[in-house]
Amino acid sequence: MQSTNGTILRHLSDPKLVLIAGSIVALIAIGMRHSFGLFLDPVTRDVPNIDRETFGFAIALQNLMWGLAQPFAGMLADRFGSAKVIFIGGAFYVLGLMCASAVSSALGLVLGLGVLVGIGLSATTYAVVLGAVGRKFPPERRTSALGIASLGGSLGIFLSVPVTLSLIDSVNCSLAFVSLGLVAVTICLLAPMLSGRTEAQGTDQSLTEALFEALRHKGFVLLVLGFFVCGFQLAFIGTHLPAYLLDRNLGAWLGGAALATIGATNIAGTFICGVVGDHISKKKILVGLYLARAAAVATFVLLPPSDVSTLLFAAVMGFTWLGTVPLTTGIVAQVFGPRYLATLIGIVFFMHQIGSFLGAWLGGLVFEQTGNYDVMWWCVVLAGIMAACLHLPIDEQPLTSKFSRLQGAVSSA
């Protein structure tokens, strides 16, 4: 019996199966999350006492809860294994969507879509999933594997937009949330395939020591600040782009088409960034991605609004959308190793979600105060330029900690 169980566990922990399961979990969790902006117009139009600022706050709170809980989710995954954390996160995700289906009040929307889904995302997305995948692959293949796992999220964005639009049009917002919740149950079913803890990688370094080492590392701090900008940009665009297009008297279909285009080109962008990141400097690619975002947004805002310019903008943004993920997490793994990878990725994504909170919330606040999104668009441009500058000084060389040096000295003696 023990032999049978051991065989099953070995098969479940096969790197290819872990990569497949992680990609599907990311597809569902991240894909659905990026379709929530499609609910902004129907919910604010049909539900009393919910305006764009309230909806924006719910999404902002979701990002904040996602970020706050993510380092702890990573620590738990490093300590107890990813499977348990992902299962519990999937349950929170389902519960949050069911609660959000009670969109007759702002409380149900904020509690469900904001708090519960946010906690669920922390345990079913980047820190835990990429941590599980990254530990299964050697350094020379790790960024490619992280790129493929991130690709699941990109494919999810592409698939979730038409599905969510169809649900909203064919039933209503409440039943659409319920339907998405039923899909999220799949996360819990796939969780056992992502089992396993981090094994020590030739070091006795504790979690506390690893955290202090990372936080004192200049490159890690700069990487975290750069990812803050990434979250700010993506949350604002993903949440408010459909409404912005309606304000510019463009067709209602265009918001969904733009998000779908982002998802489609994101597939190619994420895959290419993951593969190329195994061969050339990751930070240089990140600099290019952030500058491309800034240029795309500035051009989009300055050009007269049209269907063509919107779709071209979405295509460029999509190519850079999640391409930052395998590159950023790849640098973390390259510099600090896989021992506490989920925890360190969780810290990086914590700042990403602080930026996401501000992007989603300030977008709604600025609109309610000024009647347009102009200020926010130019903040996105300036933030992209700042992020590019932050990445230039990052040192990508693997870090030899004092603990590794001590072991090496003992071995030499």
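**Close-up views of side-chain contacts**

**Figure 1. A salt bridge in helix α3 joins R45 and D41.** R45 has a relative accessible area of 53%, which is over 50%, so this residue counts as exposed. The model shown in this and the following views is predicted. Side chains of opposite charge can pair when their charged atoms come close. In this view R45 pairs with D41, and their closest N and O atoms are 2.4 Å apart. The two residues are 4 residues apart in helix α3, which means that about one helical turn separates them. D41 has a relative accessible area of 27%; this value lies between 20% and 50%, so D41 is partly exposed. A search of the whole structure finds 1 salt bridge.

**Figure 2. The rings of F39 and F177 form a stacked pair.** A pair of aromatic rings is described by the distance of the centres and the angle of the planes. The search of the whole structure gives 13 aromatic pairs. In the pair of F39 and F177, the ring centres are 4.1 Å apart and the planes meet at 10°; because this angle is under 30 degrees, the pair counts as stacked. The pair links distant parts of the chain, with the two positions 138 residues apart: F39 belongs to the loop between α2 (15-33) and α3 (40-46), whereas F177 belongs to helix α9 (residues 173-190). F39 and F177 are both buried.

**Figure 3. Y244 and Y373 meet edge-to-face.** The distance from centre to centre is 6.2 Å, and the angle between the planes is 65°. This pair also links distant parts of the chain, its members being 129 residues apart. Y244 is found in helix α11 (residues 218-247), and Y373 is found in the loop between α16 (341-370) and α17 (374-391). Y244 has a relative accessibility of 5%, which is under 20%, so Y244 counts as buried. Y373 is likewise buried, with a relative accessible area of 1%. Both tyrosines belong to one aromatic cluster, which also contains F236, F300, F313, F367 and W377.

**Figure 4. L97 is shown within the largest nonpolar core.** This core has 130 residues. Helix α11 gives the most to the core, with 16 residues. The residues with the most contacts inside the core are F36, F39, Y93, L97 and W377. Beyond its neighbours within four places in sequence, L97 is in contact with M32, F36, L113, V117, F177, L180, G181 and A184.

**Figure 5. H352 is a buried residue of helix α16.** The relative accessible area of H352 is 8%, which is under 20%, so the residue counts as buried. A polar atom of the H352 side chain lies 3.5 Å from the backbone nitrogen of G231. When residues up to four places away in sequence are not counted, H352 touches F227, F228, C230, G231 and F232.

**Figure 6. L311 is a partly exposed residue of helix α14.** This helix comprises residues 307-321. L311 has a relative accessibility of 29%; this falls between 20% and 50%, so L311 counts as partly exposed. Apart from its neighbours within four places in sequence, L311 is in contact with L254, A257, A258 and T261. F300 is 11 residues from L311 along the chain, and the C-alpha atoms of the two residues are separated by 10.0 Å.

Notes
Residues are numbered from 1 along each chain as its sequence is written. This is a predicted model: local features need pLDDT of at least 70, side-chain atom pairs count only at pLDDT 80 or more; totals for chains, interfaces and linings use all residues. Side-chain values use heavy atoms; hydrogens and water are left out. Rings of Phe, Tyr and Trp (its six-membered ring) pair if their centres lie within 6.5 Å; planes under 30 degrees apart count as stacked, over 60 as edge-to-face and the rest as tilted. Buried means under 20% relative accessible area, exposed over 50%, partly exposed in between (1.4 Å probe, protein chains only). A nonpolar core is a set of buried Ala, Val, Leu, Ile, Met, Phe, Trp, Tyr and Cys residues joined through side-chain atoms within 4.5 Å. Contact means heavy atoms within 4.5 Å. A salt bridge is a side-chain nitrogen of Lys or Arg within 4 Å of a carboxyl oxygen of Asp or Glu. A polar contact is a pair of N or O atoms within 3.5 Å; within protein, one must be able to donate a hydrogen and the other to accept it, and residues adjacent in sequence count only if both atoms are side-chain atoms.
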